[in-house]
Amino acid sequence: MLKVLFVPLNRNYVFDYIDDWKNIVADSLSRAGLSSEILIWPSTIKPSMKCFNWARKQYLAPCIIENMGNMFYDYLNEYFIVGIGYIDGYDYGLNFVFGEASPINRIAVVFTRRLDPRFYGEEPNYNLYLERVAKEIVHELGHLLGLSHCKRRTCVMSFSNSVYEVDAKTRFFCETCSNTLRKLNV
Ligand SMILES: [Zn+2]
Ligand SMILES: [Zn+2]
């Protein structure tokens, strides 16, 4: 049984969706043959402002992961932790990241702002945003479980550099990635 803890990093555009993300992500995992138990942390954990770059107006992903590692130290043996925030994130050498995973720490973070059509001046779209974020959560969980990027464009483990690429992939692991997951004894 795979145990996962979702941690909201803020309330807006996260709280209204998080129960759906839980169900969708559990479905993606179960289609790969993994049974999971996903818990939702009941309050928001605001990332440290030390991780915020004022010039870029973005959070540094590894800093948030380290931050969460300290806060959730007692849970790390039991749970894989995924922070989810309607914020923008980056890493060194990259303009932005949709998410980042640290398998050693068993922690991942998903930044949802750039997955919202409104970020691009488009109309709000509940289902599109829901689906895009779900894909990125499944993707980062895949990394936490030991998967690398996959060349199949429809596989959830395919690397996405833009929302177009996020939209082009599905929220499911391909057959090869599913087989690998089942062998990783999670
Ligand atoms: Zn990735
Ligand atoms: Zn794959």
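User: Which residues does UniProt list for "binding site"?

Analyst: The UniProt record, an unreviewed entry, lists Cys150, Cys155, Cys174 and Cys177. Although spread over 28 residues of sequence, these cysteines cluster in space, with a largest C-alpha distance of 8.7 Å. The model discussed here is a predicted one.

User: What makes these cysteines donors of the zinc ion (ligand 2)?

Analyst: The SG atoms of Cys150, Cys155, Cys174 and Cys177 lie at 2.3 Å from the zinc ion (ligand 2). A sulfur atom counts as a donor within 2.8 Å of the metal, so the four SG atoms qualify. Along the sequence the spacing of these donor residues is C-x4-C-x18-C-x2-C.

User: Why is the arrangement around the zinc ion (ligand 2) called tetrahedral?

Analyst: The 4 donor atoms subtend angles of 107 to 112°. The label requires all angles to lie between 85 and 135 degrees, so the arrangement is tetrahedral. The ideal angle for four tetrahedral donors is 109.5 degrees.

User: How do you know whether Cys174 and Cys177 are buried or exposed?

Analyst: The relative accessible area is 10% for Cys174 and 7% for Cys177. Buried means under 20%, so both Cys174 and Cys177 are buried. Cys174 is in the loop between helix H4 (163-168) and helix H5 (175-183), while Cys177 is in helix H5. Beyond four places in sequence, Cys174 touches Cys150, Arg152 and Cys155. On the same basis, Cys177 touches Leu147, Cys150, Cys155 and Met157.

User: Which protein atoms are donors to the zinc ion (ligand 1)?

Analyst: They are the NE2 atoms of His139, His143 and His149, lying 2.0 to 2.1 Å from the zinc ion (ligand 1). The cut-off for a nitrogen donor is 2.8 Å here, so these atoms count. The sequence spacing is H-x3-H-x5-H. His139 lies in helix H3 and His149 in the loop between H3 and H4, so this pair ties together parts that are 10 residues apart in sequence.

User: Why is His149 called partly exposed?

Analyst: His149 has 42% relative accessibility. Partly exposed covers values between the 20% limit for buried and the 50% limit for exposed, so His149 falls in that class. His139, at 3%, is buried, and His143, at 16%, is also buried. His143 is in helix H3 (residues 126-144). Its contacts beyond four places in sequence are Ala101, Pro103, Ser148, His149 and Met157.

User: What makes Glu140 count as buried?

Analyst: Its relative accessibility is 4%. The limit for buried is under 20%, so Glu140 meets it. The unreviewed UniProt entry places the feature "active site" at Glu140, a residue found in helix H3. Leaving aside neighbours within four places in sequence, Glu140 is in contact with Gly99, Glu100, Ala101, Ala108, Val109 and Val110.

User: Why is H3 described as largely enclosed by the rest of the structure?

Analyst: Of the 19 residues of H3, 15 are buried, so the helix is largely enclosed. Its reach from first to last C-alpha is 27 Å, close to the 27 Å expected at 1.5 Å a residue.

User: What caps the N-terminal end of H3?

Analyst: Asn125 does: one of its side-chain oxygens lies 3.3 Å from the backbone nitrogen of Asn127. A polar contact needs such atoms within 3.5 Å, so this pair qualifies. H3 is followed by Gly146, whose phi is positive, near 115°.

Definitions and conventions
Residues numbered from 1 in each chain as written. Chains lettered and ligands numbered in written order. Predicted model: local features only at pLDDT ≥ 70, side-chain atom pairs only at ≥ 80, totals over all residues. Heavy atoms only, no water. Donors = N, O, S within 2.8 Å, 3.2 Å for Na, K, Ca; no water. Tetrahedral: all angles 85-135°; square planar, octahedral: opposite > 155°, others 65-115°. Buried < 20%, exposed > 50% of the residue type's maximum accessible area, 1.4 Å probe, protein only. Helix = DSSP H or I, 4+ residues; strand = E, 2+ residues; numbered from the N terminus. Contact = heavy atoms within 4.5 Å. UniProt positions renumbered as here; feature names shortened; annotations may be inferred. Expected span 1.5 Å × (residues − 1). Polar contact = N/O pair within 3.5 Å; in protein donor to acceptor, adjacent residues only side chain to side chain.
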